[in-house]
Structures are given as structure tokens and as C-alpha cells.
Amino acid sequence: MLVLMIPGALCLLLFFYVPILGNVIAFQEYYPFITIPEAEWVGLWNFIDLFGDEQFLIALRNTLVLAAVQLALFFPVPIVLALIVDSMMTPRFRKVFQSIVYLPHFLSWVLVIALFQQMLGGAGFINQFLASHGMDTIPFMTNPSTFPLLVTLQVIWKDAGWGMIIFLAALASIPASLYESAASDGAGRLQRIWHITLPGMRPVIVLLLILQLGSILTVGFEQFILQRDAVGPDAAEVLDTYSYYAGVIDGSWSMGAAAGLAKGVVGTILILASNKIAHLLGEDGIYRGSSR
Amino acid sequence: MSTTTASRPDTAVRPGRLDERAIHRRLWTLIGGRSERPVWMEEPSPALSVLKTLVILAISISILVPMLVVVSTSLASDAEIREAGGYVLFPTEPSFEAYRTIFASPLIFRSLGVSVLVTAVGTLIALFVTITMAYALSRPVLLGKPMLLAIVLTMFFSPGLIPLYLMIKELNMLDSLWSLILPTAFAAFNFIVMRSFFMALPQELLEAARIDGASDFRILWQIVIPLSKAVIAVIGLFYAVAYWNAFFNAMLYVNDQELWPIQLILRSYVIQGTSMTADQLGVQQTAAPQSIKMAVVVVALVPILLVYPFLQKYFSKGVITGAVKG
């Protein structure tokens with residue numbers, strides 16, 4: 001039995017636990033041509049330097065702004081989508097529609113950005129159409145000030161359908177008899193949504209909202225690294241891309257690691273705290289179910 | 001549950017008038033719809049129906065049209081693309097010239113090979129690692145609790161990309177395909193789904209085999225795996241999709257263009273707009289650059305479309321959501 005655990009344990013060790021220890025370079029002045037024990041210890045100076053680095057502050061600001069915009073604009077979409085699908089009374093059409101909206105979740109970010117670029121880019125489908133009809137083109141993909149809206153639109157396009165699944169499950173668990181008796185008591189469509197559907201979904205909505213708040217430091221990494229060139233770092237730099245560019249590209253390995261570690265630690269605390277709040281509110285968190 | 005369609009009494013047909021609702025219902029049935037509206041539920045107002053239909057159509061179009069445009073343009077001729085201003089919705093004379101070019105190009109053909117290889121080998125290794133671990137931890141086992149905790153922790157924290165990069169470098173896996181396979185060979189989420197499936201298997205069966213003297217390997221190979229084909233299929237598909245779609249690990253660990261997977265080619269030539277000269281492609285291009293670009297998008301897209309029906313069959317059955325909730 002223990003033998004069966006070896007391959008998995010090796011994977012965890014090599015690609016998770018040992019690299020976690022590698023984070024010590026965040027407290028060192030590390031260069032790739034020396035070994036970690038040889039590197040000079042600098043204590044917390046890397047972290048102090050981070051907050052003196054304008055680029056890092058921009059990354060921090062962008063991360064928080066993007067997370068807030070996504071929370072406000074993305075979060076309600078799967079709920080509304082689930083209500084629409086739930087109200088589709090024809091099983092065949094409902095199935096077809098579900099097949100369509102789940103699909104983008106399985107496409108890679110590279111593909112999603114490529115599709116967006118072909119549609120909305122400077123020489124893309126829509127701008128070609130505008131130009132050929134004598135109108136001005138719109139720089140959807142390269143305008144830094146509308147970038148938060150663009151990335152939120154991309155997230156909605158890719159994942160709103162997938163995010164809907166959990167709400168559909170919640171809707172299916174509301175007994176139909178509740179609706180029926182409400183209807184016979186004269187409650188209309190909107191009244192039923194307000195008094196039965198939304199209270200029935202409340203636990204799931206609260207839980208997901210709290211978890212969303214917990215992962216506020218993690219906005220899609222691939223999405224930003226793919227578009228950073230097009231809109232510029234001032235709009236598209238987030239904590240993860242900062243870590244990549246500072247470390248791998250500019251060679252300040254210790255600074256990159258410090259940014260990554262700071263984000264990881266604060267992020268974990270936020271997730272655990274939000275999970276705790278979910279428990280206190282009487283909801284099931286994410287790990288109570290899985291570690292049972 | 002009643003599945004009949006009922007009109008409300010106050011809208012019942014008056015003699016001598018066309019029953020629009022009945023006609024509407026007939027048309028609906030004709031195009032394949034069969035409404036399951038419960039009797040107590042009122043028919044929506046026309047305005048609401050129209051609005052809902054428009055929203056549903058708009059969403060569907062926004063998802064399907066980009067893919068259609070890309071596929072169509074990849075099949076269109078140079079002249080047609082230029083005439084249409086870059087994109088073609090319905091090519092008049094579809095040709096596969098662009099695909100002939102990219103399959104003849106060592107650069108792109110090789111990257112497809114890399115992607116297929118990484119996906120195939122990666123999925124097999126990932127399934128092996130996940131199944132063995134999930135089976136071991138589905139039984140009461142020495143060190144089971146701490147191991148489980150160690151796995152769950154990986155869902156809350158990431159070591160960060162700099163230390164991971166240094167680790168890959170230390171393991172001499174930079175510029176090697178192993179760097180694309182091994183770091184993502186164990187996903188905690190997939191493990192949890194797999195383990196809860198194993199735990200739901202009839203334990204008497206496993207006990208009986210154990211009493212008959214079967215080893216753990218034998219029980220796993222001859223009883224557990226044959227009983228778990230469905231969950232293994234869906235987890236395998238999840239891993240395969242993840243391997244096919246992965247690009248960042250390649251961007252980080254692989255400098256050598258000969259080892260690039262298709263997603264990185266897509267990034268470089270479509271998103272960043274690196275021009276595709278005959279020199280880079282390694283073949284005299286006979287198709288328009290625009291349709292070659294679109295063809296690259298399509299070859300990255302098609303494998304996902306091919307496995308999508310299977311994926312959907314399983315996850316819509318609740319394999320995933322059910323297991324996660326439990």
C-alpha cells in the first residue's frame with residue numbers, strides 16, 4: 001500500500017514541497033550561478049525593496065482593481081445564466097444551449113485570446129466591418145483604460161457557462177412543490193424568483209462570494225501574460241506577471257521570489273479566513289467536504 | 001410530474017378565432033422542441049419570451065461565430081480574403097491549401113507532434129500517479145491522514161514560479177519535454193474526485209479478494225480499475241485537455257523552438273503577430289498568410305472539439321459535481 005503512494009508522493013515532494021523551501025531565496029541575495037547556501041542573507045530587505053518599487057505597486061494596484069471589477073461584473077453572470085437555463089422548458093434546446101456555453105471553458109487561454117484578437121483586434125473582424133462601412137475603428141484590445149472590462153469580458157466568455165453548473169445544481173435541489181404551491185397562492189414569476197429561487201440559492205451564492213473574496217490576489221495569470229505586450233505593463237501587470245518579469249526576465253530572482261511569496265502567504269491567509277467565515281455562517285467550506 | 005402543456009383558462013380558444021398559441025406549439029414541436037412546462041406555470045408573456053430568446057441567441061452567437069469565422073477563413077483563398085477585408089464567413093471555394101502548408105511545415109508539424117506526445121504520455125503518467133495515490137488513500141492506511149493533508153494543502157498554496165523554475169533547472173529538465181509533463185502530473189482536484197469514487201466502491205468485494213490472498217496491486221488492477229472505467233475516462237480527459245492547453249510551462253522552461261507545443265506557436269504567430277516567412281515555416285507557402293494563421297488556430301481547437309462530447313457526457317452526469325460536493 002505504501003508503495004502505491006510513492007509516485008504521487010514524489011510528485012508532491014519535487015514540484016511542491018521542495019520548491020516551497022526554495023522560497024528562502026526571498027530572504028537572500030540570490031544569483032543563479034551560486035547555490036542557495038552560498039547566497040548572502042538579507043533578511044526582509046527584499047520585501048522592503050518591493051514596496052519601494054513603483055512597478056510592484058502598479059502590479060498590486062492592478063491586481064486589486066481587476067479583482068474588484070471581476071467580482072462586480074463577472075460574479076452575477078453565472079447566476080443569471082443559470083436562471084435562464086432553468087427557465088428553458090424545452091429539454092432539447094436547453095441541452096443544446098448548455099453544450100454551447102460550457103464549451104469555452106475547455107479552450108486554452110492562448111486560443112481564447114487569439115479568438116478575441118481575431119474578432120476585436122485592430123485588424124479584426126468587427127473593426128474590418130466598421131472600417132469598410134466608413135466608421136472609426138475601436139481599439140478594444142489595446143486600450144489600457146478599458147482593459148479591465150476587456151479581461152472581464154474574456155472571463156465571462158470563457159467561464160460563465162462553467163460557473164453556472166454549481167448554481168444549476170442548487171436550483172435543481174429546490175423542491176418543485178414549493179413553486180407549485182406558491183403559484184397556486186397567486187405568486188407571479190418574479191415573486192417566485194424573489195421568495196423561493198434566490199433564498200434557495202443563498203447558501204451557494206454566499207459561499208462562492210466569500211471564496212471569491214478569498215482569492216482576490218489571484219487574477220488569471222495566463223490571460224495577463226498573453227496581453228501584457230499589447231496593452232503595456234501599466235495596465236496588465238499583476239502580481240504573478242511581476243514575479244515572472246522581475247525574476248526570470250530581469251534576473252532579480254530574489255525580488256521575484258519575494259513578490260511570489262508575499263502574494264502566496266497573503267492569498268492563503270485570505271482563503272483560509274474566508275473559508276472560516278463561511279463555516280461561521282453555517283455553510284460548508286471548500287475543505288470540510290474534501291478532507292473527510 | 002406532469003409534462004403537458006396547458007393554456008390558462010382565460011386564454012382558451014374562442015370559436016372562430018385562430019388559436020395562435022396552438023400554432024406556435026405545433027411549430028415548436030416541428031423543430032424538435034417538446035415543452036415540459038408544468039401545468040401550474042403560466043405561459044410567459046410574449047415580450048419576455050422574445051427577450052429571453054434574444055439573450056440566448058446572442059450568447060450562442062458570441063460563442064459560435066468566432067469559431068466559425070476562424071474555420072471559414074482558414075478554408076478561403078487569398079483573393080477572397082483580400083476582397084472581404086481579412087475575414088470570410090462563407091468561403092465560396094473551400095480549399096485545404098492552408099492545412100497542406102502547415103502540415104508540410106517542419107515548424108508547425110513538429111509542434112503538433114510535441115503537443116500530441118506531451119498530451120499522450122502526460123495523461124498516462126498523470127493517471128498512473130493519481131490512481132495509485134487515490135487507491136492507497138481510499139483505504140485505511142499508514143500515514144494516510146498526513147498524506148491527505150499534504151495533498152489538500154496544495155490546493156491553497158503555490159510554491160511560486162521562481163522556486164519552481166529553479167527546481168526544474170536543478171533537475172536538469174530545462175529544454176526537455178519532461179518539464180511539460182511531470183510538474184502537472186498530479187492535480188489535487190482530480191485526486192479527490194478519483195478517491196471519493198474509489199471509496200464508494202463495494203468494500204466487501206475488495207475484502208473478499210484480500211482474504212483470497214490477492215495483493216494490493218492485483219486488487220487495484222483486476223477489480224478497482226475495471227469497476228472505475230467511467231471515472232478514469234473523465235479524469236483522463238481532464239488531464240488530456242489540461243496538457244493540450246498548457247502553454248505557460250513551455251514558455252517558462254523551453255527555449256528551444258523545436259520543442260515548442262502548438263499553443264506556443266499559436267501565441268507567437270497569431271497573438272504576437274510574428275510574421276510567417278517561408279524561412280521560418282521551412283516550406284514554400286502556397287496559401288495566404290491569413291488563412292495559415294487561422295489554420296493554426298483551428299488545429300489547436302479541433303482536438304478539444306473532438307473530445308468535448310465525451311467530456312460533457314460525463315460531467316453533465318454529475319460525476320464531477322457530485323464527487324466534489326461529497
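## Leu311(B) and the A–B contact

Leu311(B) sits in helix α16 of chain B, which covers residues 289–316. Keep in mind that this is a predicted model.

Is Leu311(B) buried or exposed? It's buried, because 21 other C-beta atoms lie within 10 Å and the cut-off for buried is 20 or more. Which residues does Leu311(B) touch, once neighbours within four places in sequence are set aside? There are Phe106(A) and Leu237(B), so to speak one partner from chain A and one from chain B. As for Met199(B), that residue is 112 positions from Leu311(B) in sequence, and the two C-alpha atoms are 23 Å apart in space.

Now for the annotation. An unreviewed UniProt entry lists "transmembrane region" for residues 54–76, 112–136, 148–168, 180–198, 219–244 and 292–311 of chain B. Leu311(B) is the end residue of the 292–311 stretch in that record. Here is how two of the listed stretches look in the model:

| Stretch of chain B | Helix | Strand | End-to-end C-alpha distance |
|---|---|---|---|
| Residues 148–168 | 67% | 0% | 25 Å |
| Residues 219–244 | 96% | 0% | 32 Å |

Leu237(B), the contact partner of Leu311(B), falls inside the listed stretch 219–244.

On to the two chains together. Between them, 73 residues of chain A are in contact with 78 residues of chain B. On the chain A side, helix α1 (residues 6–22) gives the most, with eleven residues. What is the make-up of the side of chain A that touches chain B? That side divides into 49 nonpolar, 20 polar and four charged residues.

How values were computed:
Residues are numbered from 1 along each chain as its sequence is written. Chains are lettered from A and ligands numbered from 1 in the order in which they are written. This is a predicted model: local features need pLDDT of at least 70, side-chain atom pairs count only at pLDDT 80 or more; totals for chains, interfaces and linings use all residues. Helices (H or I, at least four residues) and strands (E, at least two) are DSSP runs, numbered from the N terminus. A residue is buried if 20 or more other C-beta atoms lie within 10 Å of its own, exposed if 12 or fewer, and partly exposed in between; C-beta atoms are placed from the backbone. Two residues are in contact if their C-beta atoms, placed from the backbone, lie within 7 Å. UniProt positions are given in the numbering used here, feature names are shortened, and annotations may be inferred rather than shown by experiment. Ala, Val, Leu, Ile, Met, Phe, Trp, Tyr, Cys and Pro count as nonpolar, Asp, Glu, Lys and Arg as charged, and the others, Gly among them, as polar.
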